[in-house]
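Dear colleague,

I am passing on the structure we talked about, and below it you will find my notes on what turned up when I went through it. Please read them with the structure open beside you.

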Amino acid sequence: MTEQKRNWTGGNQESLIDVVKLTKTFEDIIAVNEISFSVDEGEIFGFLGPNGAGKTTTINILTGLSRPDSGTIVVAGLDCTKNPKAAQHLIGIVPDESNLYPELSGFDNLCFCASLYGIRKKERCERARELLQIFGLREAANRKFAGYSKGMKRKLTIAAGIIHRPQILFLDEPTTGIDVASARQIRQLISALNSNGTSIFLTTHYIEEAERLCNRIAFIVKGRIVRIDTIENLMGQTQGQHVVQFAFQTTTDKACEYIKAEFPELQCKTVSEGISIESPLPIRVGPLVRLLEDNGLEVTEAKKILPTLEDVFVKITGIEAGMMKQEKEKMKMGGNA
Amino acid sequence: MKKWIAFWNILLKDVRSYYLKPPNISWGLLFPLVWITMFFIRSGMGMDKLPDLLPGLAALSILFGTTSVLSVTVTFEKKGRSFERLLLSPISLELLMLAKTSGAIIFGTINALVPIFAAMFLADLSALNWYIFIPAIVLIAISSTFLGLFIAVSVKEVFEAQTFSNFFRFPMIFLCGLFFPIASLPIFLRPLSYALPLTYGTDILHGSMNGSNLMPFWMDFLVLSGFCVVLFYFSLRNINKKWIT
Ligand SMILES: Nc1ncnc2c1ncn2[C@@H]1O[C@H](COP(=O)(O)OP(=O)(O)OP(=O)(O)O)[C@@H](O)[C@H]1O
Ligand SMILES: [Mg+2]
């Protein structure tokens with residue numbers, strides 16, 4: 001297994017999920033505001049957005065735990081707007097917080113979940129054993145779920161979500177609050193699952209995770225989708241944009257002033273490492289260093305910055321990258337499985 | 001077929017996780033026995049009076065047995081979010097709730113059989129019409145369970161379910177003719193008696209014991225079944241409205 005994206009050709013596939021103008025309000029909060037999107041067969045579709053953006057609300061509506069105020073939902077050709085139960089046999093759900101039974105063992109939890117989908121006993125047990133093996137939980141199979149660690153809980157919750165071999169898997173922040181190694185393993189499992197033909201709808205607020213896993217991404221902010229596109233197209237957005245960063249011996253606020261005065265065509269802003277200069281044309285570093293040094297600043301480093309999805313996200317949503325990072329740290333410290 | 005695999009396993013899990021746990025078993029056995037003992041000590045009656053007490057005891061055991069467990073199997077699972085997993089599975093809400101309640105119905109019926117078995121060794125039950133008595137026990141178990149369900153889906157916390165169900169249970173001991181005839185109640189309370197399902201159940205039990213029923217059996221059965229349908233319907237409506245937000 002590798003953390004490699006499956007070759008997704010896009011465009012000509014059948015849509016598996018079709019959502020049109022979905023709206024959901026809670027009292028005075030518009031949790032989801034007229035969102036429309038479709039998920040194609042065989043792809044990993046990502047919902048990327050900060051806390052409270054409406055990601056979980058969207059999953060709840062699509063899976064039948066919540067009713068929309070307006071809009072239409074079609075899953076695998078079945079109209080789920082009126083009857084939210086219509087497609088439940090085709091989907092698997094991994095919620096942000098585990099909803100397995102604390103008093104049952106890992107093995108019994110999996111068997112029980114399989115039985116809810118009408119799988120017979122022999123097949124249930126075989127499949128449960130197979131999944132425990134794949135997820136590295138064989139030793140813990142007969143221990144109570146309540147005693148599992150956060151990472152183990154998350155893995156078992158994913159196993160429970162796929163035990164009936166769903167056509168579509170919904171994953172709500174699968175790696176939040178999980179250590180780096182486990183998160184990596186979970187991402188590999190997601191990729192492998194996708195390679196075997198499962199279409200995946202995933203929410204996350206880790207930009208790198210979306211970049212690594214997803215074929216297409218929707219940026220969602222305050223209940224609205226601000227952009228949906230393939231990773232390639234989104235990254236293309238930053239093509240032709242050149243960024244150079246300078247670091248100094250001592251911190252300074254003046255650096256940008258000097259540069260703006262001399263080179264008004266360049267965009268300059270102060271960043272934590274020093275300053276960052278942007279331009280649609282290639283930037284010549286020499287004259288800039290000379291200017292800064294002439295003004296008494298000692299440049300310790302100049303580096304070219306390659307664009308990332310994070311830059312695209314910031315540019316499109318206007319949300320500070322720092323804010324998403326902060327949230328990430330908060331989740332890491334106080335997150336739950 | 002698939003639906004029934006789900007139904008059976010939901011029931012089986014509840015039986016294993018809740019009903020077969022030592023506290024529940026001992027509760028189910030002890031509770032009726034304690035009541036029997038208490039009555040004899042309090043009233044100083046002889047064993048020959050036991051058949052008169054039996055209907056009340058059986059009804060009481062069912063009422064307390066079923067309503068207590070539902071606040072756990074439903075309210076507790078709702079709080080722990082595992083109930084969501086059931087709501088997300090491809091079985092209809094009706095079947096799901098029948099699966100969640102059938103454990104309590106069986107538990108309630110067994111609860112009622114404890115004082116009856118005890119009584120078989122202590123008194124002469126030859127006059128008892130079992131063909132009426134047993135169906136009535138089952139129907140009382142169903143209506144009490146659905147009353148418990150209705151309470152469980154109307155509240156948020158487990159302790160609220162307990163308080164709320166006591167609000168129903170204790171008055172029912174007095175209002176439903178379990179141990180005192182309804183005719184001995186103050187006249188303004190009597191309409192309340194007829195608004196409670198247990199009144200009809202107790203009436204059948206008394207009737208099957210010594211023919212002292214106030215209403216014809218068919219009417220008791222009909223009204224009791226009506227309560228079951230209405231309570232189940234409103235419980236489902238509440239779940240639909242409150243839990244699928
Ligand atoms: N049951 C509810 N009652 C009231 N408000 C709700 C409810 N569920 C969600 N909301 C509100 O809807 C908005 C969207 O919430 P949602 O949980 O979908 O966000 P999210 O994108 O999943 O965030 P997070 O990254 O924190 O999980 C929030 O403002 C939230 O407070
Ligand atoms: Mg969420």
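Asp96(A) forms a salt bridge with Arg81(B), and the closest N and O atoms of this pair are 3.6 Å apart; please bear in mind that the model is a predicted one. Across the interface of chain A and chain B, three salt bridges are found by the rule. The contact draws on 30 residues from chain A and 27 residues from chain B, and the two chains bury about 2,600 Å² between them, with 56% of that area on carbon and sulfur atoms. Of the area that chain A buries against chain B, 27% is supplied by Leu65(A), Asn99(A) and Leu116(A), which is more than any other three residues contribute.

Turning to the fold of chain A, there is an open sheet of six strands with mixed pairing, in the order S6-S7-S8-S3-S9-S10. Its edge strands, each paired on one side only, are S6 (91-94) and S10 (224-230) of chain A, and neighbouring strands of the sheet are turned by 15° against each other on average, if direction is ignored. Helix H10 (residues 309-317) of chain A packs on this sheet, where it touches strand S3 (44-48), strand S9 (216-221) and S10 of chain A, and the direction of the helix makes about 40° with that of S9(A). At the S6 edge, S6(A) and strand S7 (residues 168-172) of chain A run parallel and are joined by four bridges, and within this pair Gly92(A) stands opposite Leu169(A).

Pro174(A) lies in the loop between S7 and helix H5 (180-195) of chain A. Pro174(A) counts as buried because its relative accessibility is 1%, which falls under the 20% cut-off. Leaving aside residues up to four places away in sequence, Pro174(A) touches Arg154(A), Ile186(A), Ile190(A), Leu202(A), Thr203(A) and Glu209(A). The C-alpha atoms of Pro174(A) and Glu97(A) are separated by 9.4 Å, although these residues are 77 residues apart along the chain.

In chain B, I looked at helix H9 (residues 197-210), which has 14 residues and reaches 21 Å from its first C-alpha to its last, close to the 20 Å expected at 1.5 Å a residue. This helix is mostly covered, with 13 of its 14 residues buried, and H9(B) is followed by Gly211(B), whose phi is positive, near 70°.

With best wishes

Note on methods
Residues numbered from 1 in each chain as written. Chains lettered and ligands numbered in written order. Predicted model: local features only at pLDDT ≥ 70, side-chain atom pairs only at ≥ 80, totals over all residues. Heavy atoms only, no water. Pairing = 2+ DSSP bridges. Helix = DSSP H or I, 4+ residues; strand = E, 2+ residues; numbered from the N terminus. Axes fitted to C-alpha atoms, helices over the stretch in contact; angles between N-to-C directions. Contact = heavy atoms within 4.5 Å. Expected span 1.5 Å × (residues − 1). Buried < 20%, exposed > 50% of the residue type's maximum accessible area, 1.4 Å probe, protein only. Buried area = accessible area lost by both parts, 1.4 Å probe. Salt bridge = Lys/Arg side-chain N within 4 Å of Asp/Glu carboxyl O.
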